Amino acid sequence: MIRLEGLEKIYGGGRGGVTHHALKGIDLSIDKGEIFGIIGRSGAGKSTLIRTINRLEDVTGGRVFVDGVDIATLSNAELTIFRRSVGMVFQHFNLLSSRTVYGNVALPLELAKVPKDEIAKRVQPMLELVGLTDKSDRYPSELSGGQKQRVGIARALVAEPKVLLCDEVTSALDPETTQQILDLLRDINRRMSLTMVVITHEMSVVRDLCDRVAVIDDGLIVESGNVFDVFVKPAHPTTQALIANEIEASLPKSLRRIIHDGPGGPGENPVVKIVFTGPNAYDPIISQLSRTAGIDFNILAGQVDYIQNRPFGILFVEAKGGIDEAEKAIAFVQSRNLKAEVIGYVDPDSVPAG
Ligand SMILES: Nc1ncnc2c1ncn2[C@@H]1O[C@H](COP(=O)(O)OP(=O)(O)OP(=O)(O)O)[C@@H](O)[C@H]1O
Ligand SMILES: [Mg+2]
């Protein structure tokens, strides 16, 4: 559905200005109907990349194909029609404050000169889809962030696009509202078999929404694949760091405070992180560690997430017998084809009881 070939973007350079090489040769292929995530740090080139897909940004080199068409070849008139087939949702909603919810959603159709009664017929179902029927006559200033983003989504979908581009659409929202918007986008993807490109700097958005993901770093794709595989076996240091941030953020604060980097002081115990996947992997590994391998440990924290309906869990244990016990535990876990590593050290006296 979308194919990017050797995409390059160099900003600036006019009349002795400073240039910036924002995209350095991007090759990417996105299938029809899939939700494709692009993740990277600030300044990596995410927004530049997504804006090339509807030609809001012209490229310096390479080609963009949407539905088989090289979009650089479109005339201005063709470009206007093409852009109707590509909806876009933004981080800061970009709503018109002087228009009501209805007026904002109707705008793309008005610009396309769709007759008034036809507009009404198409706006109502969109408001219903995003759950805003009762807010039709309200103005953006009367809405919460999540409601504003719902308007943004309805406006992007009203022209029945084939592709939906989402640039950091949940970054301005609190965690609960984020989850609702992600659920809505997933639901829309299933109902409309819409191809979606989702830009984010948060691994949790990728985990909860996307089918496949590409990691962009300094203008290059450094890793890509199925979301589950990338989460379980991140290969590139940038991916590993993004996932580590996400995992660390999910650790209880009280625990984060007491785990420190090595080497551990006298009497301190290593903390082993165990990553497990597959059904029922959690219970067996705990009982096997103690019963089969005779390893003495203390569970500090643990969680199980579901990525694409497959369990993915992380367990933090304190190896009570110091580094020897930790190494035994790691060897045992690795013999079960799971991942384990020492992530830091704790003073046993500082570990909260229970
Ligand atoms: N119009 C512009 N002129 C010059 N440089 C630009 C322009 N737009 C972006 N850049 C530069 O290109 C690089 C990539 O910018 P881009 O906005 O694509 O990053 P991003 O990954 O979306 O970052 P963020 O997560 O902060 O939104 C940055 O270093 C930025 O400073
Ligand atoms: Mg950006």
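**Group meeting: the ligand site and salt bridges of a predicted model**

Let me begin at the ligand, where an oxygen atom of ligand 1 is 2.8 Å from an N or O atom in the side chain of Ser47. Taken alone, ligand 1 exposes 640 Å², and the protein buries 58% of that. I should say at once that this is a predicted model, and everything that follows should be heard with that in mind.

Two further contacts with the ligand deserve mention. Gly45 takes part through its backbone, where an N or O atom lies 3.0 Å from an oxygen atom of ligand 1. Tyr11 takes part through its side chain, where an N or O atom is 3.5 Å from a nitrogen atom of the ligand.

Which residues surround ligand 1? They are Tyr11, His20, Ala22 and then Arg41, Ser42, Gly43, Ala44, Gly45, Lys46, Ser47 and Thr48. By character, this shell divides into 3 nonpolar, 6 polar and 2 charged residues. Turning to secondary structure, strand 2, residues 20-30, and helix 1, residues 46-53, each supply at least two residues of the shell. Helix 1 gives the most, with 3 residues.

Allow me now to step back to the protein as a whole. Its secondary structure comes to 12 helices and 14 strands. The C-alpha trace spans about 75 × 50 × 35 Å along its principal axes. Of the 354 residues in the protein, 48% are buried.

Strand 2, which we met at the ligand, also belongs to a sheet. In what order do the 4 strands of this open sheet stand? The order is 2-1-4-5, and the pairing is antiparallel. Strand 2 and strand 5, the latter at residues 69-70, stand at the edges with a single partner strand each, so one side of each is left without a neighbour in the sheet. As a general point, strands of a sheet pair through backbone hydrogen bonds, either parallel or antiparallel. In this sheet, strand 4, residues 61-66, is joined to strand 5 by 2 bridges, and these two strands run antiparallel. Within that pairing, Phe65 stands opposite Asp70 in strand 5.

I turn next to the salt bridges. How many does a search of the whole structure find? The search finds 19 salt bridges. I shall present a few of them.

Arg212 is a good place to start. One salt bridge joins Arg212 to Asp31, with the closest N and O atoms 3.9 Å apart. This pair links distant parts of the chain, for Asp31 is in the loop between strand 2 and strand 3, residues 35-39, while Arg212 is in strand 9, residues 212-217, and the two are 181 residues apart. Another salt bridge joins Arg212 to Glu34, and here the closest N and O atoms are 2.7 Å apart. Glu34 lies in the loop between strand 2 and strand 3 and Arg212 in strand 9, so this pair ties together parts that are 178 residues apart in sequence.

Are these residues buried or exposed? Asp31 is partly exposed, with a relative accessible area of 43%. Arg212 is also partly exposed, at 27%. Glu34, at 7% relative accessibility, counts as buried, because the cut-off for a buried residue is under 20%.

A further salt bridge is formed by the side chains of Arg55 and Asp58, with a distance of 3.3 Å from N to O. In this pair, Arg55 counts as buried at 16% relative accessibility, whereas Asp58 counts as partly exposed at 46%. Elsewhere, Arg207, Asp208, Glu246 and Asp305 are linked in a network of salt bridges.

Finally, a word on backbone geometry. Asn94 has a positive phi of about 50° although it is not a glycine. Asn94 lies in the loop between strand 6, residues 86-89, and helix 3, residues 101-111, and is partly exposed, with a relative accessible area of 43%. Glu168 likewise is not a glycine, and has a positive phi of about 55°. The place of Glu168 is in the loop between strand 7, residues 163-167, and helix 6, residues 175-192. With a relative accessible area of 9%, Glu168 is buried.

To close, I return to two points. The protein buries 58% of the area that ligand 1 exposes when taken alone. Through Arg212, strand 9 is joined by salt bridges to Asp31 and to Glu34, both in the loop between strand 2 and strand 3. Thank you for your attention.

Notes:
Residues are numbered from 1 along each chain as its sequence is written. Chains are lettered from A and ligands numbered from 1 in the order in which they are written. This is a predicted model: local features need pLDDT of at least 70, side-chain atom pairs count only at pLDDT 80 or more; totals for chains, interfaces and linings use all residues. Side-chain values use heavy atoms; hydrogens and water are left out. A residue is near a molecule or strand if one of its heavy atoms lies within 4 Å of it. A polar contact is a pair of N or O atoms within 3.5 Å; within protein, one must be able to donate a hydrogen and the other to accept it, and residues adjacent in sequence count only if both atoms are side-chain atoms. Accessible areas come from the Shrake-Rupley method with a 1.4 Å probe; for residues, only the protein chains shown count as cover. Ala, Val, Leu, Ile, Met, Phe, Trp, Tyr, Cys and Pro count as nonpolar, Asp, Glu, Lys and Arg as charged, and the others, Gly among them, as polar. A salt bridge is a side-chain nitrogen of Lys or Arg within 4 Å of a carboxyl oxygen of Asp or Glu. Buried means under 20% relative accessible area, exposed over 50%, partly exposed in between (1.4 Å probe, protein chains only). Two strands pair if DSSP finds at least two bridges between them.
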